[in-house]
Amino acid sequence: MKNILVTGGAGFIGCNFVRYMLDKYPDYRIVVYDKLTYAGRLENLQDVAQAHPHRYHFVQGDICDAAQVEETIREHDIDTIVNFAAESHVDRSILEPDAFIRTDVYGTYVLLEAARKFGNLRYHQISTDEVYGHIEGDHSSVETDNLAPRSPYAASKASGDHLVNAYHITYGLPVTITRGANNVGPYQYPEKVVPLFVTNALNDMPLPVYGDGQQMRDYQYVVDHCEGIDLVLHQGQLGEAYNIGTGQEITNLEMVEILLDELEKPRSLIQHVEDRQGHDRRYSLNVDKIRALGWEPAHTCEEAIRKTVRWYVENRWWWEPIRQGEFQEYYQRVYGQRKILS
Ligand code: NAD
Ligand code: DAU
């Protein structure tokens, strides 16, 4: 493994992964291939471009464009593809599923075909705990559980997983999949709950908690997730999926309380609003399989949230311009007419 194509590398997790890999492996070259949608931003990688001018290269392109994907693989002698590229926000998938089907399903197919054409390149798919759907009782999802996605986003990601498995079984493509729980950390677009709530609170705006706020999530620190992906990429068994998360669960209201305490902001900012359509109440990952490879998260959910809050407090240069742009229109669409419950 020497020349890695990181698709979606200008997004939140992708940029953290690129930074982590270039720092850890001095002989690796990384080509980021990214369409630069609203969520992909070159400023997420500006320090990387400066620190690694010879081992980092950026290509603006769509993973649905087979010709450009193939040209990039050829030109940079790519031997490994790590696919982060996706439409990633559940609320946007409820408003407009189209781009999700295009990128997360068809785009995955284009990358798999390219990997096959170039002599079975090593392929790693970044997936999500949402493919297992809402988890009842005290069960925690294991990798062999049936996929039961419930939102257009989750269904598009589950379709991607099925295609990856099919290419392994049918063509012998050397693949792995990781299914991550909710990530928090630097450079997350402020549509996702933690950066949305931190930046709202810093502006003394209400925090719109969907429904009763008792939904359960596992908030993991993004660099812990990147370490897990790196481990699976190098030591994972081909054809296998691995869950990655802290293995803890907290309610959204507990997450909000930690966040407000770290900011020293009042609980009165919490505003319960009409719930998300089809909202999954609980995700829960069993992470024994990746632990058996020797991985342990360095942060608890609470530590991950507190560290993330501090990054947003210290990096207004990054998020303030974002909240001025396309974000304003999006915010109006999702929250403008939403019923306030309390
Ligand atoms: P993100 O929305 O921040 O970034 C997605 C990136 O993909 C952006 O840079 C965007 O420009 C790029 N992109 C979108 N469509 C593209 C296309 N057609 N061609 C090329 N590039 C395109 O997302 P993220 O939160 O960093 O998530 C990255 C991956 O991790 C996704 O596959 C997501 O499903 C998965 N995931 C995310 C989380 C999470 O909590 N954020 C958890 C588990 C898994
Ligand atoms: O679980 C992994 C997934 O985590 C990833 O696959 C997705 O890409 C990522 O977006 C994230 O999905 P969620 O829907 O869990 O994340 P989000 O930040 O949108 O919401 C987290 C929880 O907070 C969820 O229960 C909904 C709730 N929420 C969210 C928003 C945006 C609110 O209560 N209010 C909000 O305004």
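# Exercises on helix α6, ligand 1 and R19

In α6, the buried residues (under 20% relative accessible area, 1.4 Å probe, protein chains only) are Y153, A154, S156, K157, A158, G160, D161, V164 and Y167. This is a predicted model, in which local features need pLDDT of at least 70, side-chain atom pairs count only at pLDDT 80 or more, and totals for chains, interfaces and linings use all residues. Residues are numbered from 1 along each chain as its sequence is written, chains are lettered from A and ligands numbered from 1 in the order in which they are written, and side-chain values use heavy atoms, with hydrogens and water left out.

**Exercise 1.** State what covers the buried residues of α6, and check the span of α6.

*Solution.* Helices (H or I, at least four residues) and strands (E, at least two) are DSSP runs, numbered from the N terminus. The cover over the buried residues of α6 includes α4 (90–95), α5 (98–117), β5 and β6 (175–180), by contact (heavy atoms within 4.5 Å). For the span, take 1.5 Å times one less than the number of residues. With 20 residues, α6 should span 28 Å, and the end C-alpha atoms are 28 Å apart, so the two agree. After α6 comes G172, with a positive phi near 75°.

**Exercise 2.** Describe the shell around ligand 1 and the polar contacts made there.

*Solution.* Begin with the residues near the ligand (a heavy atom within 4 Å): 29 surround ligand 1, and the closest are I13, D34, S88, Y153 and K157. By class, the shell holds 12 nonpolar, 13 polar and 4 charged residues.

Next, assign elements. α1 (12–24), β5 (122–128) and α6 (152–171) each give at least two residues to the shell; the largest share, 3 residues, belongs to β5.

Then list polar contacts (between ligand and protein, N or O atoms within 3.5 Å):

- K157: a polar side-chain atom is 2.7 Å from an oxygen atom of ligand 1.
- T103: an N or O atom of the side chain is 3.0 Å from a nitrogen atom of ligand 1.
- F12: a backbone N or O atom is 3.0 Å from an oxygen atom of ligand 1.

Finally, the area: ligand 1 taken alone exposes 830 Å², and the protein buries 97% of that (Shrake-Rupley method, 1.4 Å probe).

**Exercise 3.** Is R19 buried or exposed, and which residues does R19 contact?

*Solution.* R19 lies in helix α1. Its relative accessibility is 16%, so R19 counts as buried. Leaving aside neighbours within four places in sequence, R19 is in contact with N44, L45, D47, V48 and Y187. For N44, the backbone oxygen lies 2.6 Å from a polar side-chain atom of R19.

Note on methods: Polar contact = N/O pair within 3.5 Å; in protein donor to acceptor, adjacent residues only side chain to side chain. Nonpolar A, V, L, I, M, F, W, Y, C, P; charged D, E, K, R; others polar. Buried < 20%, exposed > 50% of the residue type's maximum accessible area, 1.4 Å probe, protein only.
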